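Student: Please take a close look at the salt bridges with me. I would also like to see how they fit in with the rest of the fold.

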Amino acid sequence: MAKLKAAVLISGRGSNMTALVNACKGRSFPATVALVISNEPSAAGLVSAEAAGIATAVIEHRRYPDRESFEQILTQTLTEHGIELVCLAGFMRILTPSFVEAWRDRLINIHPSLLPAFKGLNTHARALEAGARITGCSVHFVRPEMDDGPVIVQAAVPILADDDEETLAARVLEMEHRCYPLALRLIAEGRVRIIGNRVFVEGGAPSTAVLMNPSDGN
Ligand code: GRF
């Protein structure tokens with residue numbers, strides 16, 4: 001069967017993009033990263049993508065007078081490459097509702113919190129400050145509101161007493177690198193259905209393990 005052609009949009013480091021690229025190297029993996037686009041020419045992720053032999057494009061938002069004209073080139077580039085699914089991975093531009101609607105259910109994002117908690121930036125600092133004991137990451141379909149949309153995969157990460165923003169971010173990032181390839185695989189296998197704001201995974205074995213922090217010892 002033909003593999004699903006995905007594009008990954010980045011603005012910086014690109015570690016989630018690399019996790020997706022590595023997953024796609026598996027012969028039986030049902031998707032391929034056909035293109036990496038950055039809006040920042042200096043994004044470190046571009047170098048990793050090129051080293052991995054992935055086609056890259058830089059679409060520098062500053063060169064366009066408004067969001068619409070930037071997104072027009074974005075759409076054109078995605079279309080030219082036959083992209084079927086767009087994965088946002090640390091892409092630091094807000095997309096207009098018309099772009100989001102045009103890619104409805106074909107546009108996903110990874111966010112470093114357990115949505116709908118801690119939408120927006122500085123999630124780890126805010127989770128620590130709020131005294132949460134568990135945080136995590138979410139892969140979700142994108143909707144016009146920021147960090148909104150049906151959640152496909154989440155992972156919970158306990159907040160430890162000696163955590164600071166950096167240590168917490170590092171542990172959440174490890175889970176991001178597992179969640180994003182899983183979400184891509186489920187979508188590419190055609191197992192994901194969206195009903196309202198909920199995602200149902202055909203044949204998905206839900207984990208019944210409960211993560212309690214602190215544990216009650218049972
Ligand atoms: C990740 O924490 C992701 O959840 C957030 O931005 C960060 C991007 O990191 N949206 P990277 O560029 O994938 O390394």
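**A salt-bridge network and its surroundings**

Tutor: Let's begin with E40, E60, R62 and R63, which salt bridges link into a network. A salt bridge here is a side-chain nitrogen of Lys or Arg within 4 Å of a carboxyl oxygen of Asp or Glu. The model is predicted, with local features needing pLDDT of at least 70 and side-chain atom pairs pLDDT 80 or more, while totals for chains, interfaces and linings use all residues. Residues are numbered from 1 along each chain as its sequence is written, and side-chain values use heavy atoms, leaving out hydrogens and water.

Within that network, the closest N and O atoms of E60 and R63 are 3.0 Å apart. The two partners sit in contrasting settings: E60 is buried, at 18% relative accessible area, whereas R63 is exposed, at 65%. (Buried means under 20% relative accessible area, exposed over 50%, and partly exposed in between, with a 1.4 Å probe and protein chains only.)

In total, the model has 10 salt bridges. One of them joins D105 to R143, with 2.7 Å between the closest N and O atoms. D105 is in the loop between α4 (97-102) and β5 (107-111), and R143 is in the loop between β6 (134-141) and β7 (151-158), so this pair ties together parts that are 38 residues apart in sequence. Helices (H or I, at least four residues) and strands (E, at least two) are DSSP runs, numbered from the N terminus. D105 is partly exposed at 33%, and R143 is buried at 10%. Another salt bridge pairs D163 with R171 at 2.8 Å, N to O; D163 is buried at 11%, while R171 is partly exposed at 25%.

The loop between β6 and β7 also holds M146. Leaving out residues up to four places away in sequence, M146 touches K119 and G120, where contact means heavy atoms within 4.5 Å. From M146 to H177 is 31 residues in sequence and 21 Å in space, C-alpha to C-alpha.

Strand β5 contains N109, which is buried at 11%. With the same sequence neighbours set aside, N109 touches L88, S138, V139, H140, V142, D147 and Y180.

Next, the wider layout. An automatic or database assignment sets the domain bounds, giving domain 1 (1-103) and domain 2 (112-138 + 149-218). Their centres, taken over C-alpha atoms, are 23 Å apart, and 17 residues of domain 1 contact 11 residues of domain 2.

What lies between them? The largest nonpolar core has 42 residues, and V8, C87, I108, I152 and L184 touch the most other members. Such a core is a set of buried Ala, Val, Leu, Ile, Met, Phe, Trp, Tyr and Cys residues joined through side-chain atoms within 4.5 Å. Helix α6 (residues 165-188) contributes the most to this core, 9 residues. The core lies between domain 1 and domain 2 because both give residues to it. Beyond neighbours within four places in sequence, C87 contacts A6, A7, V8, L9, L20, I108, Y180 and L184. A second, separate core of 20 residues includes L35, F70, F99 and V142.

One of the residues that C87 contacts, L20, is among the buried residues of α1. This helix is mostly covered, with 8 of its 10 residues buried. The cover over those buried residues includes β1 (4-10), β2 (31-38), α2 (44-51), β4 (85-88), β5 and α6.

Finally, the largest pocket holds about 1,000 Å³ of space. On a 1 Å grid over the protein atoms alone, a pocket is an open set of points where a 1.4 Å probe fits, with protein on both sides within 12 Å along at least five of seven lines, and lining residues have an atom within 4 Å of a point. Points are joined across faces, edges and corners, and the volume is the space filled by probe spheres set on them. The lining has 37 residues, and G90, F91, M92, I110 and L121 lie nearest the pocket's centre. The elements giving two or more residues to this lining are α1 (15-24), β5, α5 (123-130) and α6, with the largest share, 4 residues, coming from α6.
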